[in-house]
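Hi,

Here is the structure I promised to pass on. Please open it alongside this message; my notes follow below.

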Amino acid sequence: MSVSSQVSSVTAMNLRSLPSRLGTSMVIVIGSAGVVAVLVSVLAMASGMAKTLQGSGRDDRAMILRNGSASESGSALTRAAVQIVMDAPGIKHGPDGKPLLSAEPLRLLKLFKREDGSEATVLLRGIGPQAALVRPEVRLVEGRMFQRSVNELIVGRAAKLQTKGLEIGSHVVARTAVWTVVGTFTSNGDAHESELFADADTVMSSDNGSTYASVTALLDSRDSLVTLADSLRANPALRVDVTREQDYYSRQSKTISRLLSLLVYVVGGIMGVGAVFAALNTMYSAVSSRTTEIATLRAIGFGSTAMVVSVLVEALLLAAAGGALGALAAWAFFNGHTVSTTQGSANAQLVFDITVTLRLALVGIAAAIAIGFVGGLFPAIRAARLPIATALRAV
């Protein structure tokens with residue numbers, strides 16, 4: 001009998017005997033499913049956050065922040081600095097001849113989540129009078145636009161869905177002002193939908209602020225970034241960094257993805273080690289319970305290769321089944337679920353959708369197969385090396 005025939009015969013016999021070992025076999029399935037469910041759900045969360053952040057940027061807009069600032073929350077630009085930016089080349093001008101930019105202060109407001117009433121930190125962004133032209137993706141879907149020099153604001157749809165007290169007509173209490181909600185906006189599902197918008201000068205005057213967090217400017221063309229950056233860096237009165245908006249949000253998403261990846265490695269690694277040991281124990285038990293059967297097969301001419309492959313195939317199939325079950329569980333419980341978490345150094349709320357894709361499910365199943373391979377390898381080697389005479393004497 002050829003090696004391939006031996007492998008197929010022994011493997012088929014092992015699989016037919018699985019119902020008699022269903023209890024122990026489920027240890028591998030459940031262990032793999034748990035690892036994959038955690039892995040896929042966290043990866044889906046990281047993917048959802050990255051998608052939301054990366055969708056916030058455009059390559060025809062530039063962000064100007066104080067030199068060395070990792071994010072808007074750590075930046076501060078004076079009114080004099082903003083005036084210099086307004087006069088810089090490379091920025092597009094509107095029909096009225098004014099530069100299309102928005103100097104934006106940021107404030108953090110303490111509100112409460114709808115789901116459980118826990119505290120949520122929501123970002124209030126002050127936007128300039130040219131913001132409608134700078135950010136054409138922002139559209140009112142309910143109510144009206146805020147009036148300037150009045151404590152009124154509009155809320156992002158995602159923030160409204162996740163946070164209490166943001167209905168039109170509601171009052172949002174800050175430390176130094178009370179704001180009235182007058183509208184709801186969308187922004188193509190990006191990170192700004194987790195924020196509140198108000199007039200920039202009103203935000204500044206409400207707490208006697210003197211600095212802006214950033215300036216977002218619409219470029220003359222996609223290639224005008226270099227012109228703008230060189231002009232501002234050459235000015236000795238300024239110390240700023242000029243970044244394409246798309247690159248800024250991509251950098252923010254990578255920072256968050258690294259943190260979530262670390263979580264995957266730590267939690268998933270611990271669970272993975274446990275699943276490997278569970279698979280080892282299960283497969284060793286399976287080999288031990290079939291000692292006589294394996295010895296008999298060896299005695300009548302079946303080679304060690306057939307033994308190794310049959311045990312490995314069993315472990316791999318059980319682990320793959322567990323992986324598919326875990327991926328299905330992650331999809332059933334988390335796919336399409338809207339969640340909120342903190343974003344960046346400001347710890348402001350970011351609302352996004354978890355999306356379990358086929359690619360993530362396949363990654364999870366591949367991880368389960370790796371667990372099955374490691375868990376079945378050593379028992380398979382033991383089965384192949386089992387002394388025939390010793391095994392038969394155990395009958």
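S102 has contacts well along the chain: leaving aside neighbours within four places in sequence, S102 touches I127, G128, A131, V134, S214, V215 and T216. Bear in mind that this is a predicted model. S102 sits in strand β3. Is S102 buried or exposed? Its relative accessibility is 0%, so S102 counts as buried, the cut-off for that being under 20%. The side chain of S102 also makes a polar contact, at 2.8 Å, with the side chain of E104.

Strand β3 comes up again in the pockets, which I take in turn.

Second largest pocket

This pocket holds about 310 Å³ of space. Its lining has 18 residues, and M86, L101, A103, P129 and Y212 are the closest to its centre. Three elements give two or more residues each to this lining: α3 (79-86), β3 (101-104) and α6 (200-206). Which of them gives the most? It is α3, with four residues. By class, the lining of the second largest pocket has nine nonpolar, four polar and five charged residues.

Largest pocket

Here the space is about 360 Å³. The lining of the largest pocket is again made of 18 residues, with T52, G189, V351, F352 and D353 lying nearest the centre. The elements that supply two or more residues are α2 (22-54), α5 (157-162) and β15 (348-353). Helix α2 gives the most, four residues. By class, the largest pocket is lined by four nonpolar, nine polar and five charged residues.

The two linings are worth viewing one after the other. Nine residues are polar in the lining of the largest pocket; nine are nonpolar in that of the second largest. Each lining has five charged residues.

Helix α10

One check on geometry. Helix α10 covers residues 304-334, which is 31 residues. How far apart should its ends be? At 1.5 Å a residue, the helix should span 45 Å. The end C-alpha atoms of α10 are 44 Å apart, so the model agrees with the expected span. Just after α10, G336 takes a positive phi of about 80°.

If you have time for one view only, I suggest β3. S102 in that strand is buried, and its side chain meets that of E104. In the same view, L101 and A103 are among the residues closest to the centre of the second largest pocket.

Best wishes

Definitions and conventions. Residues are numbered from 1 along each chain as its sequence is written. This is a predicted model: local features need pLDDT of at least 70, side-chain atom pairs count only at pLDDT 80 or more; totals for chains, interfaces and linings use all residues. Side-chain values use heavy atoms; hydrogens and water are left out. On a 1 Å grid over the protein atoms alone, a cavity is a set of points where a 1.4 Å probe fits but cannot get out, and a pocket is an open set with protein on both sides within 12 Å along at least five of seven lines; lining residues have an atom within 4 Å of a point. Grid points are joined across faces, edges and corners, and a volume is the space filled by probe spheres set on the points. Ala, Val, Leu, Ile, Met, Phe, Trp, Tyr, Cys and Pro count as nonpolar, Asp, Glu, Lys and Arg as charged, and the others, Gly among them, as polar. The expected span of a helix is 1.5 Å times one less than its number of residues. Buried means under 20% relative accessible area, exposed over 50%, partly exposed in between (1.4 Å probe, protein chains only). A polar contact is a pair of N or O atoms within 3.5 Å; within protein, one must be able to donate a hydrogen and the other to accept it, and residues adjacent in sequence count only if both atoms are side-chain atoms. Contact means heavy atoms within 4.5 Å.
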